[in-house]
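These are my notebook entries on one structure. I set out what I looked up, entry by entry.

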Amino acid sequence: MQQKKTMEQERIAGGPCLNCRREHSFSEGDARSHCRELMQFLEQEKRLDLLARREEADPQLDTASLFGEARGKMFGIMVCRAADGSERVLRAFSGQYNGIWEIEGWAPPLFNLAVYTRIYAEFEPRIKQLGRELQLTKHGSIQWRDLSNRRRQLSQQWMREIHALYTLSNFRGQQRLLSDAFAGSGGIPTGTGDCCAPKLFNQAIRENLLPLGLAEFYLGRENASRTRQHGQFYPSCASKCTPILSFMLCGLDELRVAG
Ligand SMILES: [Zn+2]
Ligand SMILES: [Zn+2]
C-alpha cells in the first residue's frame with residue numbers, strides 16, 4: 001500500500017504514447033518547494049501580477065475572485081534546466097483568469113490569442129442570442145426544437161474551430177493538432193490543453209528547456225464537486241491532460257538521459 005502511494009506521487013503525468021507506443025511519465029522533482037514559495041506570494045500579495053510593483057497591481061488580477069463565486073484554480077510550477085546549465089522556474093495558472101489568458105511571468109496558452117479572440121467574438125453573441133430566443137419560445141414546439149438544434153450545431157462548430165487552434169509540440173520536435181494528438185476515448189473535453197501541465201510543457205519545449213520536475217496545487221474556495229481543496233497538491237487530470245501529455249512528453253526520456 002505504501003509502495004503504491006509513492007508510485008502515484010512519482011507518476012504525475014503521462015500515459016501510453018500513440019507516437020512510439022511506450023509509456024511516458026514525469027515526476028515532481030523538487031517542484032513542490034517552489035510551489036510553496038508561490039503559494040506564499042499569492043497569499044501575502046493577493047495578486048497574480050508578480051512582476052508588477054505593488055502600487056501598479058492590476059485589480060483584475062487580484063486573488064479575491066478565487067475565494068468567491070468563480071471558486072479556486074489550479075496553479076503549477078515546472079523546474080527546468082536551461083542550455084547553459086542554469087535553473088529556470090516556470091509558472092502556470094489553469095485556463096484563464098477573470099477572462100485574461102496572458103499574464104507576464106506565467107506560461108502562455110497553447111493558441112494564438114488574437115485568433116482565439118476573433119472566433120470568440122464571432123460565436124459567443126450568436127449563441128447567447130439563440131439562448132434568449134429559446135427562453136421566449138414554447139418548450140418542445142417545432143420552433144423551439146429548431147432553435148435548439150441551431151444552437152447545438154453552432155456550439156459544436158465553435159468548439160471545432162477553437163480546438164483547431166491548439167497545436168501540441170513534443171520533445172522530438174514534432175507538432176500535431178490537438179484533435180490528432182488526443183489519445184482519450186470519446187470527444188475532446190472542453191478546456192483540454194488549458195491546464196497547467198500542458199502550458200508548462202509547451203513553454204519548456206518552445207524555450208528549449210529541459211523539464212526536471214512539475215507539481216500542481218489548488219488555491220481558493222473548493223470546487224463545486226469538492227474534489228479540490230485549498231492549498232492541496234494534485235496530479236495532472238486524467239480526463240484532459242493524460243490523453244495529450246502522452247504525446248507532449250514523447251522524446252523527453254532520451255533528452256534527460258543525454259543531459
Ligand atoms: Zn488537466
Ligand atoms: Zn512516445
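Entry 1, salt bridges. I counted as a salt bridge a side-chain nitrogen of Lys or Arg within 4 Å of a carboxyl oxygen of Asp or Glu. The model I searched is predicted; local features need pLDDT of at least 70, side-chain atom pairs count only at pLDDT 80 or more, and totals for chains, interfaces and linings use all residues. Residues are numbered from 1 along each chain as its sequence is written, chains are lettered from A and ligands numbered from 1 in the order in which they are written, and side-chain values use heavy atoms, with hydrogens and water left out.

By that rule I found 12 salt bridges in the structure. A network of them links Glu45, Arg47, Asp49 and Arg54. Within it, I noted Glu45 paired with Arg54 at 2.6 Å, N to O, and Asp49 paired with Arg47 at 3.5 Å, N to O. I also recorded a salt bridge between Arg53 and Glu56, at 3.5 Å, N to O.

Entry 2, accessibility of these residues. I used relative accessible area, with buried under 20%, exposed over 50% and partly exposed in between (1.4 Å probe, protein chains only). Is Arg54 buried or exposed? Arg54 has 57% relative accessibility and therefore counts as exposed. Asp49, at 8%, is buried, and Arg47, at 7%, is buried as well. Glu56 comes out at 48%, so I entered it as partly exposed.

Entry 3, the zinc site. Which residues coordinate the zinc ion (ligand 1)? I found Cys195, Cys237 and Cys241, each through SG, at 2.2 to 2.3 Å. Donors here are N, O and S atoms within 2.8 Å of the metal (3.2 Å for Na, K and Ca); water is not among the atoms, so sites may look incomplete. Along the chain, the donors of the zinc ion (ligand 1) are spaced as C-x41-C-x3-C. I then looked up accessibility: Cys237 is buried because its value is 16%, and Cys241 is buried at 0%.

Entry 4, the domains. The domain assignment gives domain 1 as 2-109 + 168-258 and domain 2 as 111-165; such bounds come from an automatic or database assignment. I noted 30 Å between the C-alpha centres of domain 1 and domain 2. Their contact (heavy atoms within 4.5 Å) takes 9 residues from domain 1 and 6 residues from domain 2.

Entry 5, the interface. Domain 1 and domain 2 bury about 680 Å² between them, 68% of it on carbon and sulfur atoms; this is accessible area (1.4 Å probe) lost when two parts are put together, summed over both. On the domain 1 side, Trp101, Pro109 and Leu178 lose the most area to domain 2, together 53% of what that side buries. I found 0 salt bridges across the interface of domain 1 and domain 2.
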